[in-house]
Amino acid sequence: MLYTIHFNDNPDADPDLRPRFMAQHLAFLTDKKKVIRAAGPLKEDDGQVKGGLWLVDVESVEQAWDLVKTDPFWTTGLRDRVEIKQWVQVFAEGQALI
């Protein structure tokens, strides 16, 4: 099943956490490439990164949470809130899928 994972960064987190742990975060994403289909930052209007979004293909919301909890950005305290929702793709590459 497909899930979206929407992250909000902790406003009280050290601003150096993201650059300091980026290499480990990217290595984590690479290691989980079979289930993390897409990932990237979410920027505010001023260009500041304040969170992120993943599209994952796992069997359950519990497996999605397991991914979140093992990401280096989570374990450092950079992430504050997480919202996980099941997603059903109905349109891609100009065509309806249903």
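**View 1. Asp-9 and Arg-79 are both buried.** In this predicted model, the two side chains meet in a salt bridge, 3.2 Å from N to O. Asp-9 belongs to strand β1 and Arg-79 to strand β4, so the pair ties together parts that lie 70 residues apart in sequence. The whole structure holds 6 salt bridges. Some of them share partners: Asp-9, Arg-18 and Arg-79 are joined in this way into one network.

**View 2. His-25 sits in helix α1.** Its relative accessible area is 6%, so His-25 is buried, the cut-off being under 20%. Residues up to four places away in sequence are not counted in what follows. His-25 touches Trp-54, Asp-71, Pro-72, Phe-73 and Arg-79. Arg-79 is also the salt-bridge partner of Asp-9.

**View 3. Two further salt bridges are shown, Arg-20 with Asp-14 and Asp-31 with Lys-32.** The side chains of Arg-20 and Asp-14 meet at 3.2 Å, N to O. Arg-20 has 47% relative accessibility and counts as partly exposed. Asp-14, at 36%, also counts as partly exposed. In the other pair, the closest N and O atoms of Asp-31 and Lys-32 are 4.0 Å apart. Asp-31 reaches 58% relative accessibility and counts as exposed. Lys-32 has 27% and counts as partly exposed.

**View 4. The largest nonpolar core has 14 residues.** Six of its members touch the most other members: Ile-5, Ile-36, Trp-54, Val-56, Leu-67 and Ile-84. Strands β1 (2–9), β3 and β4 each supply at least two residues of this core, as do helices α1 (17–31) and α2 (61–70). A second core, separate from this one, has 5 residues. Leu-17, Phe-21, Phe-73 and Leu-78 are among them. Phe-73 is also one of the residues that His-25 touches.

**View 5. Val-56 is shown with its contacts.** Neighbours within four places in sequence are left aside. Val-56 is then in contact with Met-1, Leu-2, Tyr-3 and Ile-5, among others. The list also includes Val-35, Ile-36 and Arg-37. Ala-64 and Leu-67 are in contact with Val-56 as well. Ile-5, Ile-36 and Leu-67 appear with Val-56 among the core residues that touch the most other members.

**View 6. Leu-2 lies in strand β1.** Leu-2 is buried, with a relative accessible area of 12%. Residues up to four places away in sequence are again not counted among its contacts. Leu-2 touches Arg-37, Leu-55, Val-56 and Asp-57, among others. Its contacts also include Lys-85, Gln-86, Trp-87 and Gln-89. Leu-2 and Gln-89 are 87 residues apart in sequence. In space, their C-alpha atoms are 8.2 Å apart.

**View 7. Strand β3 pairs with β2 and with β1.** Strand β2 spans residues 36–43 and strand β3 residues 49–57. These two run in the antiparallel sense and pair over 7 bridges. Val-49 in β3 is the bridge partner of Lys-43. Leu-42 stands opposite Gly-51 in β3. The hairpin of β2 and β3 has 5 residues between the strands. In this hairpin, Gly-47 takes a positive phi near 90°. The pairing of β1 with β3 is antiparallel too, over 7 bridges. Here His-6 stands opposite Leu-53 in β3.

**View 8. Five residues make a nonpolar surface patch of about 560 Å².** The patch is made by Val-88, Val-90, Phe-91, Leu-97 and Ile-98. Val-90 is found in the loop between β4 (79–87) and β5 (91–92). With a relative accessible area of 38%, Val-90 is partly exposed.

**View 9. Glu-93 has a positive phi, near 50°.** Glu-93 is a residue other than glycine. The loop between β5 and β6 (95–96) holds Glu-93. Its relative accessible area is 81%, over the 50% cut-off, so Glu-93 is exposed.

Methods:
Residues numbered from 1 in each chain as written. Predicted model: local features only at pLDDT ≥ 70, side-chain atom pairs only at ≥ 80, totals over all residues. Heavy atoms only, no water. Pairing = 2+ DSSP bridges. Helix = DSSP H or I, 4+ residues; strand = E, 2+ residues; numbered from the N terminus. Patch = residues over 30% accessible without salt bridge, like charges linked within 9 Å, V, L, I, M, F, W, Y side chains within 5 Å. Areas by Shrake-Rupley, 256 points an atom, 1.4 Å probe, with all protein chains shown as cover. Buried < 20%, exposed > 50% of the residue type's maximum accessible area, 1.4 Å probe, protein only. Core = buried A, V, L, I, M, F, W, Y, C linked by side-chain atoms within 4.5 Å. Contact = heavy atoms within 4.5 Å.
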